Amino acid sequence: MSYTAQHLQETIDIVSKLNPADCEKCVAELRGARERGGRLFILGVGGSAANASHAVNDFRKIAGIETYAPTDNVSELTARTNDEGWATVFVEWLRTSRLNAKDCVMVFSVGGGNMEKNVSPNLVTALQLAKQVGARIIGIVGKDGGYTAKVADACVIVPTVNPANITPHSEAFQAVVWHLFVSHPDLKVNQTKWESTR
């Protein structure tokens, strides 16, 4: 079997193992945030930050949810990293944004953060603040043992079908899952361009 055939087969396997109930629970959390006038903050690092930026557009434009990603402002991100340290870039951004109980924080991550191993500690400190203020937490992650999966109110775990491909599949399926969310009839309020063009 070629690598391409293997990778595509792994993708099929992941789709078959994704938990629809977890997706529905996330949709319900997002709808609740919109109904109570809350905002959505999407956190991600690396490829997940790029996904967060794309998702901000979709949640704002398609789902009508006021949405932001702290990584979209590179000046503030790098200033905070330089002056305060990487571990606090998200928590201090959220604190300045007055994160509150109406809001929702969504994490895109491969591992979900682990303070003990010093992997994405910025996600951990941000979620600690979210818990403190009563904001809801959603995750799309590739590991069930990370901090996000442990504390989230709703979380989609991208199943591991090949330990050598956890990162590419996790980041690819973030896009699959968030597009599922914004196209879900419980969230979608605006038609997308090509579907509305006759």
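Is Cys104 buried or exposed? Keep that in mind as you open the viewer, and remember that what you are looking at is a predicted model.

**Stop 1: Cys104**

Select Cys104. This residue sits in strand β3, which covers residues 104-109. Now for the opening puzzle: Cys104 is buried, because its relative accessible area is 0% and the cut-off for buried is under 20%. Who surrounds it? Leave out residues up to four places away in sequence, and Cys104 touches Ala33, Arg39, Leu40, Phe41, Arg136 and Ile138. Try drawing a distance line as well: from the C-alpha atom of Cys104 to that of Ala28 you should get 12 Å, although the two are 76 residues apart along the chain.

**Stop 2: the sheet**

Switch to a cartoon view and pick out the strands. In what order do the 5 strands of the sheet come? Reading across, you go β2-β1-β3-β4-β5; the sheet is open and the pairing is parallel. At the edges are β2 (67-68) and β5 (154-157), each of which pairs on one side only.

Next, colour β1 (residues 40-44) and β3. These strands run parallel and are joined by 5 bridges. To see one pairing up close, select Phe41, whose bridge partner in β3 is Val105. Keep Val105 selected and look towards β4, where Ile137 stands opposite Val105. Between β3 and β4 there are 6 bridges, and here too the strands run parallel.

Stay with β4 (136-141) for a moment. Of its 6 residues, 5 are buried, so β4 is largely enclosed by the rest of the structure.

**Stop 3: the loop after β3**

Follow the chain from β3 towards α6 (121-133) and stop in the loop between them, where you will find Asn118. Is Asn118 buried or exposed? It is exposed: its relative accessible area is 57%, and anything over 50% counts that way.

There is something else to spot in this loop. Most residues other than glycine have a negative phi. Asn118 is not a glycine, yet its phi is positive, at about 55 degrees. Now select Ser120, which is also in the loop between β3 and α6. Ser120 is not a glycine either, and its phi is positive at about 50 degrees.

**Stop 4: helices across the sheet**

Now show α6. Which strands does α6 lie across? The answer is β1, β3 and β4, and α6 runs at about 160 degrees to β3.

Then bring up helix α8, residues 166-183. This helix lies across β3, β4 and β5, running at about 135 degrees to β4. Leave α8 on screen, as the next two stops use it.

**Stop 5: α1 against α8**

Add helix α1, residues 3-17. The axes of α1 and α8 come within 11 Å and cross at roughly 55 degrees, so the two helices are oblique to each other. Their crossing is right-handed.

Turn on the side chains to see who meets whom. From α1 come His7, Glu10, Thr11, Ile14 and Val15, and they meet Pro168, His169 and Phe173 in α8. The residues of this contact are a mixture: 4 nonpolar, 3 polar and 1 charged.

**Stop 6: α2 against α8**

Swap α1 for helix α2, which spans residues 20-35. At what angle do α2 and α8 pack? The angle is about 55 degrees, with the axes 10 Å apart. That makes α2 oblique to α8, and this crossing is right-handed.

In this contact, Cys23, Cys26, Val27 and Leu30 in α2 meet Val177, Leu180 and Phe181 in α8. The make-up here is 7 nonpolar residues, with no polar and no charged ones.

**Last stop: Val27**

Finish by selecting Val27, which belongs to α2. Val27 counts as buried, because its relative accessibility is 1%. Setting aside neighbours within four places in sequence, Val27 is in contact with Phe181, His184, Asp186 and Leu187. For one last distance line, go from the C-alpha of Val27 to the C-alpha of Pro121: they are 26 Å apart in space and 94 residues apart in sequence.

Terms used: Residues numbered from 1 in each chain as written. Predicted model: local features only at pLDDT ≥ 70, side-chain atom pairs only at ≥ 80, totals over all residues. Heavy atoms only, no water. Helix = DSSP H or I, 4+ residues; strand = E, 2+ residues; numbered from the N terminus. Buried < 20%, exposed > 50% of the residue type's maximum accessible area, 1.4 Å probe, protein only. Contact = heavy atoms within 4.5 Å. Pairing = 2+ DSSP bridges. Axes fitted to C-alpha atoms, helices over the stretch in contact; angles between N-to-C directions. Parallel < 35°, antiparallel > 145°, perpendicular 65-115°, else oblique. Left-handed = near helix turned anticlockwise from the far one by under 90°. Nonpolar A, V, L, I, M, F, W, Y, C, P; charged D, E, K, R; others polar.
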